[in-house]
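Biologist: Please take a close look at the ligand site in this model. Start with the contacts, then work outward through the parts around the site.

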Amino acid sequence: MFEHLSSLPPDPILGLLASYRADENPDKIDLGVGVYKDEAGHTAILQAVKEAETRLLQSEETKAYIGPAGTPGFNAAMQELVLGANHPALVANRVRSAQTPGGCGALRVLAELVDRAKPGATVWVSDPTWANHVPLLGNAGLQIKSYPYYDRSSGSLQFDAMVETLKDVGEGDVVLLHACCHNPCGADLSREQWQVLVEMAQKQGFTPFIDMAYQGFGDGLDDDAWGLRLMAESVPELLVAASCSKNFGLYRERVGLAMVIYNDSAAADTGQTQMLSAVRGNYSMPPSHGAAIVESILTDASLRANWEAELTEMRERINGLRAGVVESLAAAGAAGDFSFIREQKGMFSFLGINPEQVARLQKEYSIYMVDSSRISIAGLSQSNMEYFCKAVASVL
Ligand code: LMR
């Protein structure tokens, strides 16, 4: 049966890793996949994670199944991290969640939940959005439509065009928003813009679906959740996919949270049976190890303080690199204004060069980035900055 299958091109993001690893140029730079790297180009395990793992090795008593929802302690701690303590939706017992294999698992399970509630519902995604949003949501049966979000030529948000497109979207449709550190463009909604979207959701009745993959990488844990929390206070129903890949550096452990705010606690109980049935029919239950680490960090004051300090260090390094690359591109004589990179947030920005220029950077300089010219800022460092900026200047 399989001889009729046609082969597919490599994944646009993950495929870059293989080419990068095979490249023997000692000056090669990986700006592809969104993985934090330190100044030495290393993705180290956070100290808080190591410590939590050590404790876990001592205290873990069983490897028996944990069930489709994961552990209650993880779910409760994550709900609080995302929504803040005593959020009105938590107090009203309207929130249900499931520990998932990464943010991807959360997106997929929530998409299945939407499809069960309204088969083939339309989900509106930003143009551009993370490439994997489309298969994760689409393969669950949802129809995908897009709204304008980012203008590559000016390096800025197209908020008026976004509002214009979404103004007729109503009940039964879902609107996917990035909580912070937009992937791929790095341009985030301002507080005023969140307020406008909250009012639109209230008035028009669409269901917001917020992907929060980078909490803590933009302005801080609470600031990055500001829009999400406002939305959660203001609308009857909300879907949230959260990831612990980046802020806990637990990429390969696959840790995420699928969270739903329902209209009332009875609807929440019913909805949870559907979500857990979607989990059971998909991957049965999540892996335990990574989530146990997160639970341990979030519920222990000293581990939590250490983790927050490490997260702050990662965020500040990225912000320093953002400012540094703008200056160095100017010093290298790169044509154009790149100051937008300094204003944007999180791991990514578009450099704004064309696919031919991206291909030249790879071929001539062993600099790897996604075709769209999305760069993962943490792949830069003081030691490769000049090489990178001169190479960019030469292809412009
Ligand atoms: C990225 O966008 O690079 C990350 O979210 C990793 C991935 O799975 O694509």
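Modeller: A backbone N or O atom of glycine 34 lies 2.7 Å from an oxygen atom of the ligand. Tryptophan 130 brings a polar side-chain atom to 3.1 Å from a ligand oxygen. Asparagine 183 does so at 3.0 Å, also with a polar side-chain atom. Taken alone, the ligand exposes 260 Å², and the protein buries 81% of that. Keep in mind that this is a predicted model.

Now the shell. The residues around the ligand are Ile13, Val33, Gly34, Trp130, Asn183, Tyr214, Lys246, Phe348 and Arg374. By class, they divide into five nonpolar, two polar and two charged. Two domains contribute here. Domain 1 covers 12–45 + 309–395, and domain 2 covers 65–299. Both give residues to the shell, so the ligand lies between them.

Asparagine 183 deserves a second look. A cis peptide bond joins asparagine 183 to proline 184, with omega at about 20°. Proline 184 sits in the loop between strand 7 (174–178) and helix 8 (191–204). There is another cis bond, between aspartate 127 and proline 128. There omega is about 5°. Proline 128 belongs to the loop between strand 3 (122–127) and helix 6 (133–138). For context, most peptide bonds are trans.

Next, the aromatics. Two shell residues, Tyr214 and Phe348, appear again here. A search of the whole structure finds eight aromatic pairs. Tyrosine 214 and phenylalanine 348 form one that is edge-to-face. Their ring centres are 5.9 Å apart, with 85° between the planes. Tyrosine 214 lies in the loop between strand 8 (207–212) and helix 9 (221–224), while phenylalanine 348 lies in strand 11 (residues 348–350). The pair therefore ties together parts that are 134 residues apart in sequence. Tyrosine 214 and phenylalanine 348 are both buried.

Another pair is stacked. The rings of phenylalanine 248 and tryptophan 307 have their centres 4.2 Å apart and their planes at 5°. Phenylalanine 248 is in the loop between strand 9 (238–243) and strand 10 (256–261). Tryptophan 307 is in helix 13 (residues 301–331). The two are 59 residues apart in sequence, so this pair also ties together separate parts. Phenylalanine 248 is buried, with a relative accessible area of 0%. Tryptophan 307 is buried too, again with 0%.

Tyr214 and Phe348 also have further company. Together with Tyr36 and Phe217 they form one aromatic cluster.

Stay with the loop between strand 9 and strand 10. Glutamate 253 is found there. At 26% relative accessibility, glutamate 253 counts as partly exposed. Its C-alpha atom is separated by 24 Å from that of phenylalanine 209, 44 residues away along the chain. Arginine 254 lies in this loop as well. Arginine 254 is partly exposed, at 31%. Its phi is positive, about 60°, although it is not a glycine. Serine 366 also has a positive phi, near 55°. Serine 366 lies in the loop between helix 15 (355–365) and strand 12 (367–368). It is buried, with a relative accessible area of 6%. Most residues other than glycine have a negative phi.

Strand 9 itself holds alanine 242. Alanine 242 counts as buried, at 2% relative accessibility. Cysteine 104 is 138 residues from alanine 242 in sequence, yet their C-alpha atoms are 9.0 Å apart in space.

Arg374, from the ligand shell, gives a contrasting distance. Arginine 374 and alanine 268 are 106 residues apart in sequence and 39 Å apart in space, C-alpha to C-alpha. Alanine 268 is in helix 11 (residues 265–280). At 0% relative accessibility, alanine 268 counts as buried.

One last polar site: asparagine 75, in helix 3 (residues 72–83). Asparagine 75 is buried, at 7% relative accessibility. Its side chain reaches the backbone oxygen of threonine 71 at 2.9 Å. A polar contact of 3.0 Å joins the side chains of asparagine 75 and serine 97.

How values were computed. Residues are numbered from 1 along each chain as its sequence is written. This is a predicted model: local features need pLDDT of at least 70, side-chain atom pairs count only at pLDDT 80 or more; totals for chains, interfaces and linings use all residues. Side-chain values use heavy atoms; hydrogens and water are left out. A residue is near a molecule or strand if one of its heavy atoms lies within 4 Å of it. A polar contact is a pair of N or O atoms within 3.5 Å; within protein, one must be able to donate a hydrogen and the other to accept it, and residues adjacent in sequence count only if both atoms are side-chain atoms. Accessible areas come from the Shrake-Rupley method with a 1.4 Å probe; for residues, only the protein chains shown count as cover. Ala, Val, Leu, Ile, Met, Phe, Trp, Tyr, Cys and Pro count as nonpolar, Asp, Glu, Lys and Arg as charged, and the others, Gly among them, as polar. Domain bounds come from an automatic or database domain assignment. Rings of Phe, Tyr and Trp (its six-membered ring) pair if their centres lie within 6.5 Å; planes under 30 degrees apart count as stacked, over 60 as edge-to-face and the rest as tilted. Helices (H or I, at least four residues) and strands (E, at least two) are DSSP runs, numbered from the N terminus. Buried means under 20% relative accessible area, exposed over 50%, partly exposed in between (1.4 Å probe, protein chains only).
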